[in-house]
Amino acid sequence: MKISQHAKNLVPSATLVISNKARQMRAEGIDVLGFAAGEPDFDTPDHIKEAAIQAIREGFTKYTASGGINELKDAVVTKLKRDNGLTYARNQVLISCGGKHSLYNVFQALLDPGDEVIIPAPYWVSFPEQVKLCDGVPVFVDTAEREGFRLHRGLVEPLLTPRTRILVLNSPSNPTGAALTRKELEGLAALALERGFWILADETYESLVYDGYQHVSIATLSDAMYARTILVNSLSKAYAMTGWRVGYTAGPKELITAMDGLQSQMTSNPTSIAQRAAVVALTGPQEPTHRMREEFARRRRYIVDRLNAMPGVTCLSPEGAFYVFPNVSSLYGKRHAGKVIGNSTEFSAYLLDTARIAVVPGVEFGNDAHIRISYATSMANIEKGMDRMAEAVKTLG
Ligand code: PLP
(Lines give C-alpha, C1' and ligand atoms only; values in the text may rest on other atoms or scores of the structure.)
Protein backbone atom coordinates (compact mmCIF):
# COMPACT_ATOMS: atom_id res chain seq x y z
CA MET A 1 0.00 0.00 0.00
CA LYS A 2 1.24 3.49 -0.76
CA ILE A 3 1.25 5.50 2.44
CA SER A 4 1.64 9.29 2.14
CA GLN A 5 4.94 10.99 2.91
CA HIS A 6 3.15 13.02 5.58
CA ALA A 7 2.05 9.90 7.42
CA LYS A 8 5.40 8.17 6.91
CA ASN A 9 7.44 11.11 8.15
CA LEU A 10 5.45 11.35 11.35
CA VAL A 11 7.01 10.11 14.58
CA PRO A 12 4.23 8.55 16.70
CA SER A 13 3.87 10.11 20.15
CA ALA A 14 6.55 8.41 22.26
CA THR A 15 4.74 9.09 25.49
CA LEU A 16 1.64 7.29 24.21
CA VAL A 17 3.73 4.39 22.83
CA ILE A 18 5.43 3.84 26.18
CA SER A 19 2.21 4.25 28.19
CA ASN A 20 0.57 1.66 25.93
CA LYS A 21 3.49 -0.74 26.37
CA ALA A 22 3.27 -0.39 30.17
CA ARG A 23 -0.50 -0.95 29.99
CA GLN A 24 0.04 -4.08 27.93
CA MET A 25 2.65 -5.43 30.36
CA ARG A 26 0.21 -4.82 33.20
CA ALA A 27 -2.51 -6.71 31.31
CA GLU A 28 -0.07 -9.62 31.09
CA GLY A 29 0.18 -9.59 34.86
CA ILE A 30 3.55 -7.81 35.10
CA ASP A 31 3.72 -5.31 37.95
CA VAL A 32 4.77 -2.16 36.03
CA LEU A 33 4.59 1.30 37.57
CA GLY A 34 3.70 3.99 35.05
CA PHE A 35 5.56 7.31 35.10
CA ALA A 36 5.21 8.02 31.38
CA ALA A 37 1.70 9.37 30.94
CA GLY A 38 0.99 13.07 31.04
CA GLU A 39 -2.32 12.92 32.85
CA PRO A 40 -3.51 13.59 36.38
CA ASP A 41 -4.27 10.43 38.34
CA PHE A 42 -7.22 12.28 39.94
CA ASP A 43 -10.78 11.69 38.82
CA THR A 44 -12.73 14.46 37.09
CA PRO A 45 -14.54 16.37 39.89
CA ASP A 46 -18.14 15.25 40.47
CA HIS A 47 -19.82 18.58 39.75
CA ILE A 48 -18.23 18.54 36.27
CA LYS A 49 -19.37 14.98 35.61
CA GLU A 50 -22.88 15.88 36.76
CA ALA A 51 -23.08 18.64 34.14
CA ALA A 52 -22.36 16.10 31.40
CA ILE A 53 -24.89 13.64 32.79
CA GLN A 54 -27.50 16.38 32.85
CA ALA A 55 -26.64 17.33 29.26
CA ILE A 56 -27.24 13.73 28.19
CA ARG A 57 -30.54 13.60 30.07
CA GLU A 58 -31.65 16.86 28.40
CA GLY A 59 -30.82 15.44 24.99
CA PHE A 60 -27.99 17.87 24.41
CA THR A 61 -26.45 15.23 22.18
CA LYS A 62 -26.52 16.74 18.72
CA TYR A 63 -24.08 18.73 16.59
CA THR A 64 -23.26 22.14 17.96
CA ALA A 65 -21.71 25.08 16.14
CA SER A 66 -18.39 23.78 14.80
CA GLY A 67 -16.32 26.21 16.87
CA GLY A 68 -18.13 25.43 20.13
CA ILE A 69 -21.23 26.64 21.96
CA ASN A 70 -21.53 30.31 22.90
CA GLU A 71 -21.98 29.39 26.55
CA LEU A 72 -18.53 27.76 26.58
CA LYS A 73 -16.89 30.57 24.62
CA ASP A 74 -18.31 32.97 27.21
CA ALA A 75 -16.98 30.75 30.01
CA VAL A 76 -13.52 30.92 28.40
CA VAL A 77 -13.83 34.72 28.14
CA THR A 78 -14.74 34.84 31.86
CA LYS A 79 -11.85 32.55 32.82
CA LEU A 80 -9.28 34.54 30.83
CA LYS A 81 -10.42 37.75 32.51
CA ARG A 82 -10.55 36.21 36.02
CA ASP A 83 -7.29 34.23 35.98
CA ASN A 84 -5.16 35.99 33.39
CA GLY A 85 -6.41 39.57 33.30
CA LEU A 86 -7.08 39.31 29.56
CA THR A 87 -10.07 40.69 27.68
CA TYR A 88 -11.37 38.76 24.68
CA ALA A 89 -14.63 38.91 22.77
CA ARG A 90 -16.60 35.76 22.04
CA ASN A 91 -15.56 35.85 18.36
CA GLN A 92 -11.89 35.69 19.42
CA VAL A 93 -12.34 32.24 20.98
CA LEU A 94 -12.49 28.79 19.38
CA ILE A 95 -13.24 25.55 21.22
CA SER A 96 -11.48 22.44 19.87
CA CYS A 97 -11.09 18.73 20.64
CA GLY A 98 -8.30 19.19 23.19
CA GLY A 99 -5.38 21.58 23.30
CA LYS A 100 -3.58 19.33 20.83
CA HIS A 101 -6.29 20.02 18.27
CA SER A 102 -6.21 23.75 19.04
CA LEU A 103 -2.47 23.83 18.36
CA TYR A 104 -2.82 21.88 15.13
CA ASN A 105 -5.49 24.31 13.93
CA VAL A 106 -3.17 27.24 14.65
CA PHE A 107 -0.33 25.73 12.61
CA GLN A 108 -2.75 24.83 9.79
CA ALA A 109 -4.12 28.35 9.70
CA LEU A 110 -0.78 30.19 9.82
CA LEU A 111 1.85 28.12 8.02
CA ASP A 112 2.67 27.98 4.34
CA PRO A 113 5.22 25.43 3.10
CA GLY A 114 8.70 26.32 4.33
CA ASP A 115 7.57 28.69 7.08
CA GLU A 116 9.68 28.30 10.20
CA VAL A 117 8.51 27.70 13.76
CA ILE A 118 10.94 28.14 16.62
CA ILE A 119 10.51 25.40 19.20
CA PRO A 120 12.47 25.54 22.46
CA ALA A 121 14.09 22.20 23.33
CA PRO A 122 13.45 20.13 25.38
CA TYR A 123 10.01 20.26 23.76
CA TRP A 124 6.67 18.50 24.02
CA VAL A 125 6.71 15.72 21.40
CA SER A 126 3.75 16.97 19.37
CA PHE A 127 5.06 20.46 18.54
CA PRO A 128 7.57 19.48 15.82
CA GLU A 129 5.38 16.74 14.39
CA GLN A 130 2.39 19.05 14.04
CA VAL A 131 4.55 21.71 12.37
CA LYS A 132 5.85 19.12 9.89
CA LEU A 133 2.30 17.92 9.16
CA CYS A 134 1.51 21.51 8.12
CA ASP A 135 4.60 21.63 5.86
CA GLY A 136 6.34 24.00 8.26
CA VAL A 137 9.95 23.69 9.38
CA PRO A 138 10.67 23.21 13.10
CA VAL A 139 13.73 25.20 14.21
CA PHE A 140 14.97 24.06 17.62
CA VAL A 141 16.46 26.36 20.20
CA ASP A 142 18.32 24.49 22.93
CA THR A 143 17.75 25.71 26.47
CA ALA A 144 20.44 24.79 28.99
CA GLU A 145 20.04 22.73 32.12
CA ARG A 146 22.52 25.00 33.92
CA GLU A 147 20.13 27.90 33.20
CA GLY A 148 17.14 25.92 34.48
CA PHE A 149 16.05 25.26 30.86
CA ARG A 150 14.99 28.88 30.62
CA LEU A 151 14.23 30.45 27.28
CA HIS A 152 15.45 33.97 26.72
CA ARG A 153 15.81 36.45 23.96
CA GLY A 154 19.53 35.84 23.44
CA LEU A 155 18.88 32.21 22.53
CA VAL A 156 16.14 32.97 20.02
CA GLU A 157 17.57 35.98 18.18
CA PRO A 158 20.32 34.19 16.21
CA LEU A 159 17.77 31.74 14.79
CA LEU A 160 15.40 34.29 13.28
CA THR A 161 15.11 34.41 9.50
CA PRO A 162 12.66 36.09 7.12
CA ARG A 163 10.71 32.79 7.21
CA THR A 164 10.21 32.79 11.00
CA ARG A 165 6.46 32.85 11.66
CA ILE A 166 5.92 31.54 15.16
CA LEU A 167 7.75 31.06 18.46
CA VAL A 168 6.21 28.33 20.59
CA LEU A 169 6.17 29.39 24.21
CA ASN A 170 5.21 26.55 26.54
CA SER A 171 5.49 27.93 30.07
CA PRO A 172 5.31 25.97 32.35
CA SER A 173 7.00 23.49 30.07
CA ASN A 174 6.41 19.89 29.32
CA PRO A 175 8.86 18.13 29.86
CA THR A 176 11.11 20.35 32.02
CA GLY A 177 8.52 22.16 34.16
CA ALA A 178 10.46 25.41 33.64
CA ALA A 179 8.24 28.48 33.86
CA LEU A 180 9.37 31.94 32.79
CA THR A 181 9.44 35.14 34.80
CA ARG A 182 7.85 38.38 33.67
CA LYS A 183 11.29 39.76 32.85
CA GLU A 184 12.16 36.81 30.62
CA LEU A 185 8.79 37.15 28.89
CA GLU A 186 9.39 40.87 28.35
CA GLY A 187 12.61 40.11 26.46
CA LEU A 188 10.86 37.61 24.20
CA ALA A 189 7.91 39.94 23.67
CA ALA A 190 10.18 42.81 22.62
CA LEU A 191 11.86 40.53 20.09
CA ALA A 192 8.53 39.29 18.69
CA LEU A 193 7.37 42.87 18.20
CA GLU A 194 10.65 44.05 16.66
CA ARG A 195 10.86 41.15 14.24
CA GLY A 196 7.17 40.48 13.61
CA PHE A 197 6.58 36.85 14.52
CA TRP A 198 3.70 35.27 16.43
CA ILE A 199 3.99 33.99 19.97
CA LEU A 200 2.02 30.80 20.38
CA ALA A 201 1.55 30.65 24.15
CA ASP A 202 0.63 27.14 25.24
CA GLU A 203 -0.58 27.68 28.81
CA THR A 204 -1.81 24.13 29.41
CA TYR A 205 0.04 23.88 32.76
CA GLU A 206 -0.55 27.43 34.04
CA SER A 207 -2.56 26.32 37.07
CA LEU A 208 -0.01 23.73 38.21
CA VAL A 209 2.77 25.94 39.59
CA TYR A 210 4.62 25.72 42.90
CA ASP A 211 6.53 27.57 45.60
CA GLY A 212 4.62 30.80 45.05
CA TYR A 213 5.48 31.08 41.35
CA GLN A 214 2.94 33.34 39.60
CA HIS A 215 2.03 32.50 36.02
CA VAL A 216 2.11 35.50 33.68
CA SER A 217 0.41 35.39 30.28
CA ILE A 218 2.68 37.06 27.73
CA ALA A 219 -0.39 38.66 26.12
CA THR A 220 -0.81 40.85 29.23
CA LEU A 221 2.52 42.64 28.74
CA SER A 222 1.21 45.29 26.31
CA ASP A 223 -1.56 45.94 23.81
CA ALA A 224 0.92 45.28 21.02
CA MET A 225 1.84 41.92 22.54
CA TYR A 226 -1.82 41.04 23.04
CA ALA A 227 -2.27 41.49 19.28
CA ARG A 228 0.78 39.29 18.56
CA THR A 229 -0.19 36.40 20.88
CA ILE A 230 -2.18 33.28 20.19
CA LEU A 231 -3.15 31.72 23.49
CA VAL A 232 -3.91 28.00 23.69
CA ASN A 233 -5.13 26.25 26.81
CA SER A 234 -6.75 22.98 27.73
CA LEU A 235 -9.05 21.59 30.40
CA SER A 236 -7.17 18.27 30.40
CA LYS A 237 -4.63 18.89 33.14
CA ALA A 238 -6.23 21.64 35.21
CA TYR A 239 -9.51 19.74 35.73
CA ALA A 240 -8.36 16.13 35.30
CA MET A 241 -10.35 15.98 32.05
CA THR A 242 -7.88 14.37 29.64
CA GLY A 243 -10.46 12.01 28.13
CA TRP A 244 -13.10 14.69 27.57
CA ARG A 245 -11.05 16.42 24.86
CA VAL A 246 -11.69 20.10 25.34
CA GLY A 247 -9.17 22.81 24.56
CA TYR A 248 -9.39 26.36 23.30
CA THR A 249 -7.64 29.14 21.43
CA ALA A 250 -7.94 32.87 22.04
CA GLY A 251 -6.46 35.34 19.60
CA PRO A 252 -7.10 37.70 16.70
CA LYS A 253 -10.58 37.34 15.21
CA GLU A 254 -9.27 36.79 11.68
CA LEU A 255 -7.20 33.82 12.79
CA ILE A 256 -10.02 32.35 14.88
CA THR A 257 -12.38 32.58 11.90
CA ALA A 258 -9.86 30.77 9.68
CA MET A 259 -9.37 28.06 12.31
CA ASP A 260 -13.12 27.64 12.67
CA GLY A 261 -13.39 27.09 8.93
CA LEU A 262 -10.68 24.40 9.06
CA GLN A 263 -12.29 22.73 12.04
CA SER A 264 -15.69 22.69 10.35
CA GLN A 265 -14.22 20.47 7.63
CA MET A 266 -12.05 18.30 9.87
CA THR A 267 -13.88 17.38 13.07
CA SER A 268 -16.95 19.63 13.32
CA ASN A 269 -17.71 20.52 16.94
CA PRO A 270 -16.03 19.13 20.05
CA THR A 271 -18.34 16.66 21.85
CA SER A 272 -21.53 18.43 22.89
CA ILE A 273 -21.75 16.96 26.39
CA ALA A 274 -18.04 17.60 27.08
CA GLN A 275 -18.63 21.24 26.20
CA ARG A 276 -21.41 21.49 28.79
CA ALA A 277 -19.10 19.93 31.39
CA ALA A 278 -16.35 22.37 30.41
CA VAL A 279 -18.62 25.37 31.12
CA VAL A 280 -19.05 24.14 34.69
CA ALA A 281 -15.34 23.34 35.06
CA LEU A 282 -14.31 26.87 34.05
CA THR A 283 -16.98 28.81 35.92
CA GLY A 284 -17.63 26.54 38.94
CA PRO A 285 -15.55 26.09 42.11
CA GLN A 286 -11.82 25.99 41.46
CA GLU A 287 -10.91 24.22 44.73
CA PRO A 288 -10.43 20.78 43.12
CA THR A 289 -7.65 22.26 40.97
CA HIS A 290 -6.07 23.90 44.02
CA ARG A 291 -6.18 20.61 45.92
CA MET A 292 -4.56 18.80 43.00
CA ARG A 293 -1.84 21.41 42.89
CA GLU A 294 -1.10 20.98 46.61
CA GLU A 295 -0.80 17.24 46.20
CA PHE A 296 1.45 17.62 43.14
CA ALA A 297 3.63 20.04 45.13
CA ARG A 298 4.10 17.42 47.87
CA ARG A 299 5.00 14.71 45.36
CA ARG A 300 7.35 17.02 43.49
CA ARG A 301 9.38 17.76 46.63
CA TYR A 302 9.60 14.08 47.47
CA ILE A 303 10.58 12.88 43.98
CA VAL A 304 13.20 15.59 43.47
CA ASP A 305 14.86 14.66 46.79
CA ARG A 306 14.79 10.95 46.02
CA LEU A 307 16.30 11.44 42.55
CA ASN A 308 19.07 13.73 43.79
CA ALA A 309 19.96 11.10 46.42
CA MET A 310 20.73 8.55 43.66
CA PRO A 311 24.41 8.52 42.69
CA GLY A 312 24.83 9.68 39.09
CA VAL A 313 21.39 11.35 38.92
CA THR A 314 20.76 15.10 39.22
CA CYS A 315 17.38 16.76 39.13
CA LEU A 316 16.24 20.39 39.11
CA SER A 317 13.16 21.38 41.04
CA PRO A 318 10.79 22.70 38.36
CA GLU A 319 8.42 25.65 38.83
CA GLY A 320 5.43 23.97 37.24
CA ALA A 321 3.62 21.09 35.45
CA PHE A 322 3.86 17.55 36.88
CA TYR A 323 7.09 16.26 35.41
CA VAL A 324 10.68 16.07 36.51
CA PHE A 325 13.46 15.83 33.95
CA PRO A 326 16.49 14.34 35.72
CA ASN A 327 19.91 14.17 34.10
CA VAL A 328 21.07 10.55 34.03
CA SER A 329 23.92 10.94 31.52
CA SER A 330 26.67 10.19 34.02
CA LEU A 331 25.26 6.66 34.17
CA TYR A 332 25.83 6.19 30.44
CA GLY A 333 28.72 3.83 29.80
CA LYS A 334 27.79 1.65 32.77
CA ARG A 335 26.79 -1.95 32.22
CA HIS A 336 24.02 -4.33 33.04
CA ALA A 337 24.22 -8.05 32.22
CA GLY A 338 27.23 -7.34 29.99
CA LYS A 339 25.37 -4.68 27.97
CA VAL A 340 26.48 -1.05 27.96
CA ILE A 341 23.81 1.57 28.57
CA GLY A 342 24.67 4.34 26.15
CA ASN A 343 21.72 6.73 25.96
CA SER A 344 18.32 7.73 27.35
CA THR A 345 16.46 5.14 25.27
CA GLU A 346 18.63 2.29 26.57
CA PHE A 347 18.43 3.62 30.12
CA SER A 348 14.61 3.83 29.94
CA ALA A 349 14.43 0.30 28.48
CA TYR A 350 16.65 -0.87 31.34
CA LEU A 351 14.30 0.73 33.89
CA LEU A 352 11.26 -0.86 32.25
CA ASP A 353 12.78 -4.34 31.97
CA THR A 354 14.65 -4.46 35.28
CA ALA A 355 12.89 -2.06 37.65
CA ARG A 356 9.51 -2.33 35.95
CA ILE A 357 9.00 1.40 35.86
CA ALA A 358 7.92 3.19 32.69
CA VAL A 359 9.59 6.55 32.00
CA VAL A 360 10.12 8.45 28.73
CA PRO A 361 13.62 8.82 27.23
CA GLY A 362 14.73 12.45 27.00
CA VAL A 363 15.78 12.02 23.38
CA GLU A 364 12.08 12.03 22.47
CA PHE A 365 11.93 15.61 23.79
CA GLY A 366 15.18 16.60 22.09
CA ASN A 367 17.66 16.01 24.96
CA ASP A 368 19.33 12.62 25.32
CA ALA A 369 21.00 13.33 28.68
CA HIS A 370 17.68 13.15 30.52
CA ILE A 371 14.58 11.07 31.15
CA ARG A 372 11.10 12.38 31.89
CA ILE A 373 9.25 11.13 34.94
CA SER A 374 5.65 12.16 35.50
CA TYR A 375 4.61 12.46 39.14
CA ALA A 376 0.93 12.43 38.25
CA THR A 377 0.62 9.12 40.01
CA SER A 378 -0.06 8.20 43.62
CA MET A 379 2.48 8.86 46.38
CA ALA A 380 2.54 5.12 47.07
CA ASN A 381 3.53 4.44 43.43
CA ILE A 382 6.13 7.19 43.56
CA GLU A 383 7.69 5.76 46.72
CA LYS A 384 7.77 2.26 45.27
CA GLY A 385 9.00 3.49 41.89
CA MET A 386 11.82 5.53 43.41
CA ASP A 387 12.88 2.51 45.54
CA ARG A 388 13.00 0.41 42.37
CA MET A 389 14.89 3.03 40.39
CA ALA A 390 17.43 3.54 43.21
CA GLU A 391 18.07 -0.20 43.28
CA ALA A 392 18.40 -0.34 39.48
CA VAL A 393 20.87 2.56 39.48
CA LYS A 394 22.91 0.87 42.24
CA THR A 395 23.02 -2.39 40.28
CA LEU A 396 24.68 -0.78 37.25
CA GLY A 397 28.37 -1.67 37.14
N1 PLP B 1 0.35 21.20 25.38
C2 PLP B 1 1.20 20.52 26.16
C3 PLP B 1 2.49 21.15 26.48
C4 PLP B 1 0.88 19.25 26.64
O5 PLP B 1 1.75 18.60 27.41
C6 PLP B 1 -0.36 18.68 26.28
C7 PLP B 1 -0.70 17.32 26.71
O8 PLP B 1 0.12 16.52 27.08
C9 PLP B 1 -1.23 19.44 25.48
C10 PLP B 1 -0.84 20.68 25.04
C11 PLP B 1 -2.55 18.96 24.99
O12 PLP B 1 -3.39 18.38 25.87
P13 PLP B 1 -4.87 18.01 25.41
O14 PLP B 1 -4.87 17.72 23.95
O15 PLP B 1 -5.22 16.81 26.23
O16 PLP B 1 -5.72 19.19 25.73
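**Exercise 1. Place Pro175 in the chain and describe the peptide bond before it.**

Step 1. Pro175 lies in the loop between S5 and H8. Helices (H or I, at least four residues) and strands (E, at least two) are DSSP runs, numbered from the N terminus. Residues are numbered from 1 along each chain as its sequence is written. The model is predicted, so local features need pLDDT of at least 70 and side-chain atom pairs pLDDT 80 or more, while totals for chains, interfaces and linings use all residues; side-chain values use heavy atoms, without hydrogens and water.

Step 2. Asn174 and Pro175 are joined by a cis peptide bond, with omega about 20°.

Step 3. Pro172 belongs to the loop between strand S5 (164-169) and helix H8 (182-195). The bond joining Ser171 and Pro172 is cis, with omega about -5°.

**Exercise 2. Find the loop that holds Arg245 and give its phi.**

Step 1. Look between strand S7 (229-234) and strand S8 (247-250): Arg245 is in that loop.

Step 2. Arg245 is not a glycine, yet its phi is positive, about 65°.

**Exercise 3. Work out the strand order of the open three-stranded sheet and name its edges.**

Step 1. The order is S9-S14-S13, and the pairing is antiparallel. Two strands pair if DSSP finds at least two bridges between them.

Step 2. Strand S9 (323-324) and strand S13 (360-361) each have a single partner strand, so they stand at the edges and one side of each lacks a neighbour in the sheet.

Step 3. Two antiparallel bridges link S9 and strand S14 (residues 371-374). Val324 faces Ile373 in S14.

**Exercise 4. Describe the surroundings of the ligand.**

Step 1. The ligand sits in the largest pocket. A pocket is an open set of points on a 1 Å grid over the protein atoms alone, where a 1.4 Å probe fits, with protein on both sides within 12 Å along at least five of seven lines. To sit there, more than half of the molecule's atoms must lie within 2 Å of its grid points.

Step 2. Around the ligand are 13 residues (a heavy atom within 4 Å). Gly99, Asp202, Ser234, Ser236 and Lys237 come nearest.

Step 3. The shell has two nonpolar, seven polar and four charged residues. Here Asp, Glu, Lys and Arg are charged; Ala, Val, Leu, Ile, Met, Phe, Trp, Tyr, Cys and Pro are nonpolar; the others, Gly among them, are polar.

Step 4. Polar side-chain atoms of Ser234 and Lys237 lie 2.6 Å and 2.7 Å from an oxygen atom of the ligand. A polar side-chain atom of Thr204 lies 3.4 Å from a ligand nitrogen atom.

Step 5. Alone, the ligand exposes 390 Å², and the protein buries 92% of that (Shrake-Rupley method, 1.4 Å probe).

How values were computed
A polar contact is a pair of N or O atoms within 3.5 Å; within protein, one must be able to donate a hydrogen and the other to accept it, and residues adjacent in sequence count only if both atoms are side-chain atoms. On a 1 Å grid over the protein atoms alone, a cavity is a set of points where a 1.4 Å probe fits but cannot get out, and a pocket is an open set with protein on both sides within 12 Å along at least five of seven lines; lining residues have an atom within 4 Å of a point.
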